[in-house]
Amino acid sequence: MTPTTARARFTDLLAAEWIKLWSLRSTGWSLLAGALAVLGINVGTAYDHYKYWDQYDESSRAAFLRNDIGLVDAFTANSGMVLVLVLGAIGAVAVTGEYGSGLIRTTLAAVPARRSVMAAKALVVTAVTAVFGTALALVSFLLTQVVLDGRDAGLTLGHPGALRLVLASGLLAPVAALVGMALGAVARHSAASVVAATGLLLMVPLFLSEDRYLTAVLRHAQPFTAWQRLADFGRFGEVAHPWTTGGAWLVYLVWALGAAALAVTVVHRRDQ
Amino acid sequence: MIEANELTKRYGSTTAVRNLTFTVKPGRVTGFLGPNGAGKSTTLRMILGLHAPTGGTVTVDGRPFRDHARGLRHLGALLDASEVHGGRSGRSHLAALARSNGIPRGRVDEVLGEVGLAGAAKRRIGGYSLGMRQRLGIAGALLGDPPVLVFDEPLNGLDPEGVRWVRGLFRRLAAEGRTVFVSSHLMTEMEHTADDLVVVGRGELIAAESLADFAARSGSSVTVRTTEAALLARLLTEQGAGVRPVGEALEVTGMAAARIGDLAFAQRLPLHELTPRTASLEAAFMELTADRADHHAGATR
């Protein structure tokens with residue numbers, strides 16, 4: 001007997017990963033839960049400012065507008081942490097879900113080209129989370145500004161920094177998901193990789209001081225700090241060691257590519 | 001055709017598989033037998049390119065399996081029926097596998113029907129019985145219509161009807177000219193299914209031969225009772241038989257009952273019993289692997 005033949009197309013692997021992602025109910029539910037948590041935090045914060053607007057004196061209101069607090073409400077630091085947590089976990093489970101059940105062996109026996117499998121998985125996860133994150137950031141921006149419009153404090157997308165905030169917040173999602181994926185591929189265990197992703201993405205920046213040059217550079221090289229740089233207006237201009245938004249975007253890019261490369265390589269090299 | 005040559009796998013200081021050399025031929029069902037922990041799964045994983053051998057080689061139709069960009073059309077495998085994600089439906093699981101290898105969607109429903117899961121295709125795998133998972137795994141192996149098929153313990157969890165169906169399927173696949181390699185730790189599962197046997201224990205090859213040869217080799221014996229046990233024992237030993245006293249009787253190996261009777265008659269030794277005992281294949285298998293089983297019940301280690 002000779003095997004029937006067909007060309008090995010990378011697009012088939014993308015389609016297969018797409019099927020795998022969406023045939024799990026948990027994918028939709030965890031994205032929905034993450035979105036509701038982020039929107040809840042941000043709209044809640046905006047509503048708080050709306051509700052107590054009457055109690056602010058004239059100078060506080062002026063400071064609110066001058067410091068673009070509308071943008072801070074559009075995607076708060078707390079919601080950014082939630083986004084990183086949820087997306088890091090989704091990325092990790094996209095890989096560990098296959099290891100937990102042993103499905104990875106079925107997958108890799110069907111497609112021995114392991115690097116192609118992992119590259120396809122990384123691309124699908126990146127695309128889905130980028131669209132999800134950007135849409136979420138946009139909706140969050142619009143909803144929070146509608147709330148603030150009630151006090152004439154809402155901003156439009158045309159406001160300086162608004163678009164960058166939406167993009168930076170949205171793209172934080174695929175960066176976190178890819179880091180989760182890489183840690184999932186290394187640890188091959190769901191709980192361990194989720195804990196590792198949380199530690200790496202959210203805890204590490206806390207331990208790095210802004211005051212000394214070396215720790216400041218390391219701190220600025222963290223994705224969550226890069227997001228704060230891109231989203232947090234003006235404040236970073238006043239720190240001891242200022243850095244550019246271009247540098248922050250570069251941090252996103254390097255982490256995303258590095259994480260994807262790690263996930264691809266580690267699965268390629270090890271016994272499965 | 002699967003060809004293993006001096007295949008060796010070590011994990012740290014543990015040697016899981018040592019110098020395995022065997023050939024699995026097309027057109028036949030080959031049983032891969034060994035007690036638990038004998039290295040069967042490790043060997044299968046090396047065949048599939050999931051684990052890299054520490055030494056030696058293994059090829060599928062002349063090529064290391066990992067050299068293929070896509071595998072399902074070259075080799076179909078059921079490794080462990082639990083190696084699926086419980087959250088997906090059976091159809092989604094197969095659809096993803098099929099799509100990854102550029103296999104038309106229609107083939108998914110075809111194999112689902114073939115293994116008798118058409119009715120359960122939309123249900124989540126988490127709700128499947130072990131037998132249904134085995135059928136799903138077999139469906140996955142059949143997806144690419146491959147010339148080589150590998151099944152790891154496929155009969156686990158199947159009901160008697162399922163076992164009969166699987167045996168018929170293996171026979172049919174072999175009759176179509178495919179290479180069929182089936183692992184098991186139970187000889188009874190294999191003696192009605194396999195044409196050839198590869199037997200391993202503690203990672204080493206014990207036998208690689210046809211089932212018929214294995215059966216012939218396996219220790220048949222003749223139980224003999226006589227009033228002149230000592231005389232007869234000496235006589236038979238001189239003629240090349242193995243003799244062992246068992247109570248008042250003798251257990252004779254390596255000599256047919258008729259020859260024993262003739263020899264006794266020629267020396268006018270009275271025989272009170274002459275009973276040939278054909279050892280079951282299971283007993284032969286147990287005997288061959290007994291000293292190489294890794295996990296003895298109650299054994300001190």
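This report describes a predicted model with chains A and B, covering chain A, the contact between the chains, and two sites in chain B.

Residues are numbered from 1 along each chain as its sequence is written, and chains are lettered from A in the order in which they are written. Local features need pLDDT of at least 70 and side-chain atom pairs count only at pLDDT 80 or more, while totals for chains, interfaces and linings use all residues.

**Chain A**

Chain A has twelve helices and zero strands, where helices (H or I, at least four residues) and strands (E, at least two) are DSSP runs numbered from the N terminus. Its C-alpha atoms fill a box of roughly 85 × 40 × 30 Å along the principal axes. Of the 272 residues in chain A, 45% are buried. A residue is buried if 20 or more other C-beta atoms lie within 10 Å of its own, exposed if 12 or fewer, and partly exposed in between, with C-beta atoms placed from the backbone. Among contacts in chain A with a separation of 6 or more, 82% join residues 24 or more positions apart; two residues are in contact if their C-beta atoms, placed from the backbone, lie within 7 Å.

**Contact between the chains**

In chain B, 41 residues are in contact with 33 residues of chain A. Helix α2 (residues 90-100) of chain B gives the most to this side of chain B, with six residues.

**Helix α5 of chain B**

Helix α5 of chain B has 16 residues (160-175); at 1.5 Å a residue it should span 22 Å, and its end C-alpha atoms are 23 Å apart, which agrees. The expected span is 1.5 Å times one less than the number of residues. The two faces of α5(B) are listed below.

| Set in α5(B) | Residues |
|---|---|
| Buried | B:V166, B:F170, B:L173, B:A174 |
| Exposed, on the face turned away from the buried side | B:P160, B:E161, B:R164, B:G168, B:R172, B:A175 |

The buried set covers an arc of only 95° around the axis, which puts these residues on the same side of α5(B); the arc is that of the directions from the helix axis to the C-beta atoms. These buried residues pack against β3 (29-33), β6 (148-152) and β7 (179-184) of chain B. After α5(B) comes B:G177, with a positive phi near 95°.

**B:V17**

B:V17 lies in strand β2 (residues 14-24) of chain B and counts as buried, with 29 C-beta neighbours inside 10 Å. Beyond its neighbours within four places in sequence, B:V17 is in contact with residues including B:L7, B:G39, B:T43 and B:G203. B:T43 is 26 residues from B:V17 in sequence and 7.1 Å away in space, C-alpha to C-alpha.
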